[in-house]
Amino acid sequence: MVTAQKDVTVERSLLERVSEARRRSDELFEIVRSDAIYARPIRERHRIIFYVGHLEAFDWNLLHENVFGLKSFHPEFDRLFAFGIDPVGGGLPSDQPSEWPSLAAVRDYVRKIRAALDGKLESGEAGGRMRDGFSLETLLDVAIEHRLMHVETLAYMLHQLPLQQKVPQVVTPLSSASPIVHSMIEIPAGKVTLGLSRESGVFGWDNEFEKHSALVPGFEIDRYMVTNGQFLDFIADGGYKTAGFWSEDDWNWKEGQNISHPVFWKKADDRWMYQTMFAEVPLPMDWPVYVSHAEAAAYARWAGKGLPTEEQWQRAAYGAADGAERFYPWGEEAPNESLGNFDLQSWDPAPVNAFPKGRSAFGVEGMVGNGWEWTATLFGPFPGFEPFPFYRGYSADFFDGKHFVMKGGSARTAACMLRPTFRNWFQGHYQYVYAGFRCVNP
Ligand SMILES: [Fe+2]
């Protein structure tokens, strides 16, 4: 239902964030050569063409009728491009390129949606509109972050596209850092705060509410994320060939899929190479290893350690010895390029010790950026969880005991999602995420 409107405009800064997010997603599609737009770089995912239409269809379906009273001009595309995280039923999609509309038709759909929505957003009568009790401002935050999340997950997908199907972009030179001295840091017992309060007025997704606290017993955590070099030791020690390091389910998955190394690694003759976004390079030993949860858990068992729980991770990142809690591991300063590898500055990881200024109060380094970090915690609702009525499945569809919480962020995570309450999640057998881990001694 369209609610009565006041004659107020949407804040300019919010409209600028909408344009900036669109610019980011447009730029990403530009790295795909035009003859590859119907490719499917990851077999579980849609073809690239789907995402060209999806980002606009999402915004349109969220806003056009329920907020602005606009009529659909292409209901078939609204449905075709509506959903796209995981194919239903766990099977692999089998659609053919010929079943999809032409790129020109999809681009035309995108243009018309932007024009129609912008006409309303800039009309001076948009502010004050609501949907299901949520303000237009909140809905725009949903649209912006939804798009920026896809800008990141599409980067994982395009990472797997053969190099000859991509238009290379400017790549910042690989950062170098001093030799790494691995150690563990003791985190004393203490209280940790999780989640957002509904009264705070701060934007968060449904799974970030409600605010609560927990007492975390003392533990030790790795100062740095586990590196490719460390993971190589696990492989050399028969890590992928020893059932005892794996849960039964993880072992069966690994055997069934014939997996013997991280998906970003390639063996050339007897040398390990690494597939970056736009090149193949000798394995960078000091970069964080990107692996599935199953591989991370196996490594941790081999090392005689474990993966941190979400609460342990949160305490190591944001807690301090005096009981205070910070907004970012390094303090209150807004994210910038001296503090970590995030906010789409780089296409690739950096050495795990490249950002000492970003360390937490306890001295743990690189917790935000440079790769999400797997936790041992299954993704579930916080006490007081309520799904967004306009996107009921966003989180609740994944409270299934198969998805694990990831924290932190990667090089391709936008700064707005580096807030401490943001929770990411993936199923434990998905290797393509920019996600690594660090270990704890409980
Ligand atoms: Fe989506």
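Which residues are linked with D26 in a network of salt bridges? The network joins D26, E56, D59, R114 and R147. A salt bridge here is a side-chain nitrogen of Lys or Arg within 4 Å of a carboxyl oxygen of Asp or Glu. By this rule the count comes to 23 salt bridges.

This is a predicted model, in which local features need pLDDT of at least 70 and side-chain atom pairs count only at pLDDT 80 or more, while totals for chains, interfaces and linings use all residues. Residues are numbered from 1 along each chain as its sequence is written, and side-chain values use heavy atoms, with hydrogens and water left out.

Side chains of opposite charge can pair when their charged atoms come close. One such pair is D141 with R17, whose closest N and O atoms are 3.1 Å apart. This salt bridge links distant parts of the chain, since D141 lies in helix 5 (residues 136–159) and R17 in helix 1 (residues 12–29), 124 residues apart. Helices (H or I, at least four residues) and strands (E, at least two) are DSSP runs, numbered from the N terminus. D141 is buried, at a relative accessible area of 13%, whereas R17 is partly exposed at 32%. Buried stands for under 20% relative accessible area, exposed for over 50%, and partly exposed for values in between, with a 1.4 Å probe and protein chains only.

Helix 1 also takes part in a salt bridge between R22 and D118, at 2.9 Å from N to O. Because R22 is in helix 1 and D118 in helix 4 (residues 103–121), this pair ties together parts that are 96 residues apart in sequence. Here the acidic residue, D118, is partly exposed at 22% relative accessibility, and R22 is buried at 9%.

A further salt bridge joins E255 and K254, with the closest N and O atoms 2.7 Å apart. E255 is partly exposed, with a relative accessible area of 45%, while K254 is buried at 2%. The charged end of K254 also sits over the ring of W251, 3.9 Å from its centre. For this arrangement, NZ of Lys or CZ of Arg must be within 6 Å of the ring centre and within 35 degrees of the ring normal. Another case is K166, whose charged end sits over the ring of F278 at 5.8 Å from the centre.

The next topic is the strands. An open sheet is formed by 3 strands in the order 7-8-9, with antiparallel pairing. Strand 7 (265–268) and strand 9 (280–282) are at the edges with a single partner strand each, so one side of each has no neighbour in the sheet. Neighbouring strands of this sheet are turned by 40° against each other on average, direction ignored. Two strands count as paired if DSSP finds at least two bridges between them. Strand 8 (residues 271–275) and strand 9 pair over 3 bridges, and one bridge partnership is that of Q275 with E280 in strand 9.

Helix 6 (residues 228–236) lies across strand 7 and strand 8, and runs at about 65° to strand 7. Axes are lines fitted to C-alpha atoms, for helices over the stretch in contact (heavy atoms within 4.5 Å), and angles run from 0 to 180 degrees between N-to-C directions.

What links helix 6 to strand 7 through aromatic rings? The structure holds 51 aromatic pairs. In one of them, the rings of F231 and W265 have their centres 6.1 Å apart and their planes at 80°, so the pair is edge-to-face. F231 belongs to helix 6 and W265 to strand 7, 34 residues apart. F231 is buried at 0% relative accessibility, and W265 is buried at 1%. F426 and Y430 form a stacked pair, 5.3 Å centre to centre with 0° between the planes, and both residues are buried. Rings of Phe, Tyr and Trp (its six-membered ring) pair if their centres lie within 6.5 Å; planes under 30 degrees apart count as stacked, over 60 as edge-to-face and the rest as tilted.

Strand 6 (residues 219–222) takes part in two antiparallel pairings. With strand 3 (residues 184–187) the pairing runs over 4 bridges, and M184 has D222 of strand 6 as a bridge partner. With strand 14 (residues 440–441) it runs over 2 bridges, and E220 is partnered by N441 in strand 14.
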